[in-house]
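Q: Please take a close look at the cysteines of this model and explain their bonding state. Some context on the overall fold would also be welcome.

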Amino acid sequence: MQVWRQIWLFLCAVGLAFVALAYPRSHDDVVDATQFSIAFFATLLTGEAVIFALTFSAASSWPSLRAIDGHIAFREWVLIGWFAALFTGCGLLGDNATSATYGALLFLLANIYGVFSFVRLFGLASIGGRNQLLRHTLADALARQGGSRGGRSGRGSSRPGSPSPGLEYDPIVNSYLGTVSQAATGNDPTAIRHLVDQLVEAEVPVEAVDDAVTVHLDVLHRLVRATLAGGADPIQVVSCAHALIDSVIGHCRRLSDPAPPLGALSRYLAWLANTALLMSVRGVASSRAARELAALTTDARLKILRCVDPDPKSAAHHDELGSILTSPLQVLLWTGDFTEFHGAHQASALYGTYEILTGTKFMGNYWDGASILSQLRQSLYGDQGRVSTPQADAARRALGSVEDYDHFWALVSVTALATLRDARLPHPPELIRPEFTPDHQLLGAYLRTFATHRYFTTAAEAREALLSLVCRADPPRSATAEIRHARGGRAYRLPVPLVEPQRRPAAMILAVACRLAPLAPTESDSELRDFLAVLPAPALQATARLATRVLPEAAGESDPVEAVVTGLAVLQLVGAHTREGS
């Protein structure tokens, strides 16, 4: 648009030059015409200065004046006026009628162009007009990054579908993020609302979706950080956060592989709930801010769960019907991310996973001790009850053999156990939300979803399973290797780094130990004790420290073996009401 304006302006100037050569005017005619033209030119210039002074602020002009200038053509207008004054002055001083006439004609052209510039600027006088311009500016910047990544991916320097390496250095994106931080730390709710609207309403091409998601999550974290540590209004921030989360989910629907960004969002929300709790307990964040953010995380994770579950219990609108994930590897990647950091609705996520992988519904109740992973194993690999649906066939191809199935879910449980919430922290009553409570039975239900996946029964078999977790390398076409490849290159600027399970040896031991722990008071714990007794002292002590942190009652034991055994007794709380009734 700007280039075409400049071409049109150049052609008009050339045409007026021929008019001046053909019809030069006298000295008096040029002076009279120029006086009126200059007066009108000055009026327009004063009007634009007044609009700038009254309507523009940092939040409404964050990229730079260059973007606004490109919209209103201010520089072209001033340049025409400068040329008009130059030709008029030279013609009058040199007694050159052609030059003076050409200058007077250029003043007329400048006034016509000035009216166009004034109308364009007046359209920016409203907040809606300014937001529209800035929305388009941000969308263009993201589209350029997406286009540059597409060009580089053809030469092998960047993976398609991953955020652009140059996004971090883009001046427009950095200017926008800096303005967001300034508005958040200054607790300016109006500016925050407008800035968030500019981002969520920006229309970006599909190749720039990952860049848009990266900016969304960056803005979300900046607002949350200002709420917890800077005193920003939590009500306004939570409202904006919901808009950002809805926009991320909408962008994920446009991707061929939505699992990495959706998983990153799920992990961040779980981490945020625990961080809000910790900062509230330590007195860093206000209880009001922590309460609002805890409610945000539980609601948002339930919203994500409804988008993934093929048959959700409830749906707010039509888009939440049917799963956003279309392949077994996508649901496996997302499930691993969703079960990290002790997030809300963690066990419920496995119901959707079961249905996507088998094409059938799991009818058990994990609160009663039903084992989703054991039933999934039976449905995919069992001699009896084996499912033969197309979904199950695709899941078997993605997971491999039954040994690969067991190895994959053991690794998922390692990460889930390593990132459980600190059980020693007090949980203020105002932070209690559904599925975000200090209830030991809920913790036991989460832990039991993995503990009931028992692919070994003796201490000797448990040691072999632990050795496999520590030493086994993932084959190139395995589910774990494919998931790692799908995640490659997707860094979403979040303070929640991905850590490989092999770097968490204490959690590996605890993941194996929980599969030997008794599930009812009448069961023996001898195999669990035999497994723990032969572990090296440093490994056992590290496992006991982890158990002391994440399992209730373990902190009261000084012996490492007793700490692990006592902590894993939380598994026996699940299904207790059923046992008592029988």
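**Cysteines and their setting**

A: No disulfides, zero in number, are found in this structure, which is a predicted model. A disulfide is a covalent bond between the sulfur atoms of two cysteines. For C240, the closest cysteine sulfur belongs to C252 and lies 20 Å away, so the distance is too great for a bond; the cut-off for a disulfide is a pair of sulfur atoms within 2.5 Å. C240 is also buried, its relative accessibility being 0%. C514 likewise takes part in no disulfide, and its nearest cysteine sulfur, that of C471, is 20 Å away. With a relative accessibility of 0%, C514 counts as buried.

As for the fold around these cysteines, the protein chain contains 25 helices and zero strands. Its radius of gyration is 32 Å, well over the 25 Å given by the globule rule for 582 residues, so the chain is more spread out than a compact globule. The C-alpha trace extends over about 115 × 50 × 45 Å along its principal axes. Of the 582 residues, 53% are buried. Among contacts with a separation of 6 or more, 75% join residues 24 or more positions apart.

On the outside, the protein chain exposes about 24900 Å², of which carbon and sulfur atoms supply 59%. One nonpolar surface patch consists of V3, W4, I7, F10, L11, V14, F18 and L21, which together have about 910 Å² of accessible area. L21 is located in helix α1, residues 2-22, and is exposed at 57% relative accessible area, whereas C240 is buried.

Key: Residues numbered from 1 in each chain as written. Predicted model: local features only at pLDDT ≥ 70, side-chain atom pairs only at ≥ 80, totals over all residues. Heavy atoms only, no water. Patch = residues over 30% accessible without salt bridge, like charges linked within 9 Å, V, L, I, M, F, W, Y side chains within 5 Å. Areas by Shrake-Rupley, 256 points an atom, 1.4 Å probe, with all protein chains shown as cover. Salt bridge = Lys/Arg side-chain N within 4 Å of Asp/Glu carboxyl O. Helix = DSSP H or I, 4+ residues; strand = E, 2+ residues; numbered from the N terminus. Buried < 20%, exposed > 50% of the residue type's maximum accessible area, 1.4 Å probe, protein only. Rg over C-alpha atoms; globule rule 2.2 N^0.38 Å. Contact = heavy atoms within 4.5 Å.
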